Amino acid sequence: MVGALAVLLWGIAVTTAEEGDSAAGVSFNSTQSSYMVLQQAPAKSAVYGMAPAGASLEITVASAADSSYSVKATATSKGAWLAYLKPAKDKDVTITAHCASGCTNTTDAVLRHVTFGDVWYCSGQSNMWLPMHFTYSRNFTVANITAGKYSNIRLMAGDSQHSNTHPWRSAKDAVNETDTEQSALLDFSAACWYFAEALTDEFVAAGKTPPTLGLINTAIGGSMIEEWSLNSTLATCQNTSDPSPSHQMLWDKNVVPYLSMTVKGFLWYQVSVWSHCEDCWQPPLILLPPHTAAAPYCCRPILLAGSR
């Protein structure tokens, strides 16, 4: 992930056809869909996906507010492509990926109603996973959203325990007004949502217009820090065992798909679950280099943050 401010919270007690899914054609990555939020200026954001190896692509960004423009991309030998867009502020755009050559299926892939704002990636263990459904304030939030509040927030609404991606939606579209108990919003991370809600309230209280906020949540309850970390970084910590098959598993599944996405920052809640750790609770909590000399409790969260 690019250009992010890491906000690490560890508790010691701490495709649709529109996006493009046809074989031998161009498609956007499953982390990207219509209504998504891309990181706003001054950062440079990217769109990315798959196409036949060597295919030549043209990515067009169109907006009613100003003239459209295009950038070119070429699919790698493994079929991956990426295109950086011009830095932009909050506006509604349509992004079209067109295969100029090298595709047997020339159907365009299209993202509609994309906007630019601040993107936050939320993850970690159960305290970040815990859905809105279990919180006391959920009905107040639903009522506020239904009344038109928090219209600046968009999210990949759904339960991260069951999938690492969900279609992007506005807050209002994530609420089922007919049956609020079936709202996708209530399956989303409470900690991640309330962060955005409180941040929006802070902007309003200061007399400022809140930016569009895009929320991503990939938290998995009961996961161990080793699962979120690269084996190569874990190996630099003292008193750790050889990697187990589960090490790096969630890095590969829940982090790698987002690595090309520019974000504002991270919210991470990692509580005290460690595997094969002999001295996790030994002092001191060393926050200055060399981190690798610290006990695994100190070393692993620091390397986890550094690897982002």
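A salt bridge here is a side-chain nitrogen of Lys or Arg within 4 Å of a carboxyl oxygen of Asp or Glu. One such pair is K72 with E58, whose closest N and O atoms are 3.4 Å apart. This is a predicted model, in which local features need pLDDT of at least 70 and side-chain atom pairs count only at pLDDT 80 or more, while totals for chains, interfaces and linings use all residues. Residues are numbered from 1 along each chain as its sequence is written, and side-chain values use heavy atoms, with hydrogens and water left out.

**Strands and sheets**

Helices (H or I, at least four residues) and strands (E, at least two) are DSSP runs, numbered from the N terminus. Two strands pair if DSSP finds at least two bridges between them.

- An open sheet is built from three strands in the order β2-β4-β7, with antiparallel pairing. Its edges are β2 (27-28) and β7 (80-84), and each has a single partner strand, so one side of each is left without a neighbour in the sheet.
- Five bridges hold β4 (residues 46-50) and β7 together in the antiparallel sense. Within β7, the residue opposite Y48 is L82.
- β5 and β6 also pair in the antiparallel sense, over six bridges, and a hairpin of six residues joins β5 to β6. Here I59 stands opposite V71 in β6.
- β5 also runs antiparallel to β8, with seven bridges between them. The bridge partner of E58 in β8 is H98.

**Burial and the nonpolar cores**

Buried means under 20% relative accessible area and exposed means over 50%, with partly exposed in between (1.4 Å probe, protein chains only). A nonpolar core is a set of buried Ala, Val, Leu, Ile, Met, Phe, Trp, Tyr and Cys residues joined through side-chain atoms within 4.5 Å.

- Strand β5 has two faces to look at: L57, I59 and V61 point to one and are buried, whereas S56, E58, T60 and A62 point to the other and are not buried.
- The largest nonpolar core has 44 residues, and those with the most contacts inside it are V47, L57, I59, W81 and I95. Strand β9 gives the largest share of this core, six residues.
- A second, separate core has 25 residues, among them I145, A184, C192 and W193.

**Salt bridges**

Side chains of opposite charge can pair when their charged atoms come close. The count for this model is three salt bridges.

- For the K72 and E58 pair introduced above, K72 lies in strand β6 (residues 69-74) and E58 in strand β5 (residues 56-62), so the pair ties together parts that are 14 residues apart in sequence. K72 is exposed, at 66% relative accessible area, while E58 is partly exposed at 28%.
- D66 and K91 form a salt bridge through their side chains, at 2.9 Å from N to O. This pair links distant parts of the chain, with D66 in the loop between β5 and β6 and K91 in the loop between β7 and β8 (93-101), 25 residues apart. D66 is partly exposed at 37% relative accessibility, and K91 is partly exposed at 22%.
- K149 and D201 form a salt bridge at 4.0 Å, N to O. They too link distant parts of the chain: K149 is in the loop between α2 (138-146) and β10 (153-156), and D201 is in helix α3 (residues 190-205), 52 residues apart. K149 is partly exposed at 40% relative accessibility, and D201 is partly exposed at 32%.

**Disulfides**

A disulfide is a covalent bond between the sulfur atoms of two cysteines. It is assigned here to a pair of cysteine sulfur atoms within 2.5 Å, and the count comes to two disulfides.

- C99 is joined to C103 by a disulfide, with 2.0 Å from S to S. The torsion about this S-S bond is about 90 degrees, so the disulfide of C99 and C103 is right-handed. C99 is buried at 3% relative accessibility, and C103 is buried at 14%.
- C122 is joined to C192 by a disulfide, with 2.1 Å from S to S. This link is right-handed, with 65 degrees about the S-S bond. The pair connects distant parts of the chain, C122 in strand β9 (residues 109-124) and C192 in helix α3, 70 residues apart. Both C122 and C192 are buried, and C192 is also among the residues of the second core.
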